[in-house]
Amino acid sequence: MNVSEAIITRRSVRSYKNKDIPAEMLQRVMESGRMAPSARNKQNWKFVIVKDKEKKDELHKASNGQKFVKEAPTVIVGVATKPENEMKSGVPTGIVDVTIAMDHMALKATEEGLGTCWIGAFSQEDVKDILNIPDGCRVVALMTIGFPEEGLEPVYKERKNREDITCIDTYY
Ligand SMILES: Cc1cc2nc3c(=O)[nH]c(=O)nc-3n(C[C@H](O)[C@H](O)[C@H](O)COP(=O)(O)O)c2cc1C
């Protein structure tokens, strides 16, 4: 599967098979994140791989009770370790860096036949407590990952038109 195919095929998967991800497969997914770019190559990030049943159950409670968070065999928790850092533009570096890395993971997971779903609806404080994440860090996103209950065939994606999101030479 090439990158274009992975982009088209990836979709949010909210139903997973009760099957662990082979260690080498998960390793390849994590490696794709490790290779992601980051501002000034600082890599101020940490990714907590959560497989423990009780911890996943707690994460599901901390994520608005979204059931598939505990049903997925693994949840990857992306953490910015220096969230106070900003780029010259005023944009928070850690949020951008961690997001890029996690998207690399999502696309690699698709290539591996795995499904993922971003989770942004979670309690920052609860997730930190559950995983012992220091106060100075910021949890950027959770991502469920596992074998999808249904196949990963490309599906129609509801998206805005190209013309509505692109402008040429100036903003309009
Ligand atoms: C930053 C972010 C946070 C998201 N949070 C959630 C979430 O908490 N729960 C959920 O079910 N889906 C969540 N999603 C998935 C989106 O709903 C989904 O990506 C969007 O509807 C497009 O569908 P697709 O991923 O299948 O292309 C999130 C996606 C992103 C990018």
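**Helix 3 and the ligand site**

Student: Which residues on the other side of helix 3 are exposed?

Tutor: Lys53, Glu54 and Lys61 are exposed there, having over 50% relative accessible area, whereas buried means under 20% and partly exposed lies in between (1.4 Å probe, protein chains only). The model is predicted: local features need pLDDT of at least 70, side-chain atom pairs count only at pLDDT 80 or more, and totals for chains, interfaces and linings use all residues. Residues are numbered from 1 along each chain as its sequence is written, and side-chain values use heavy atoms, leaving out hydrogens and water.

Student: Which residues of helix 3 are buried?

Tutor: Within helix 3 (residues 53-62), these are Lys56, Leu59, His60 and Ala62. Helices (H or I, at least four residues) and strands (E, at least two) are DSSP runs, numbered from the N terminus.

Student: Why are the buried residues said to line one face of the helix?

Tutor: Seen down the axis of helix 3, they fall within an arc of 160 degrees, so they line one face. The arc is taken from the directions from the helix axis to the C-beta atoms. They pack against strand 1 (45-50), helix 4 (68-71), strand 2 (74-80), helix 6 (124-131) and strand 4 (138-146), contact being heavy atoms within 4.5 Å.

Student: What makes Gln66 a polar contact of the ligand?

Tutor: A polar side-chain atom of Gln66 lies 2.7 Å from a nitrogen atom of the ligand. A polar contact is a pair of N or O atoms within 3.5 Å; within protein, one must be able to donate a hydrogen and the other to accept it, and residues adjacent in sequence count only if both atoms are side-chain atoms. The Gln66 pair, at 2.7 Å, therefore qualifies.
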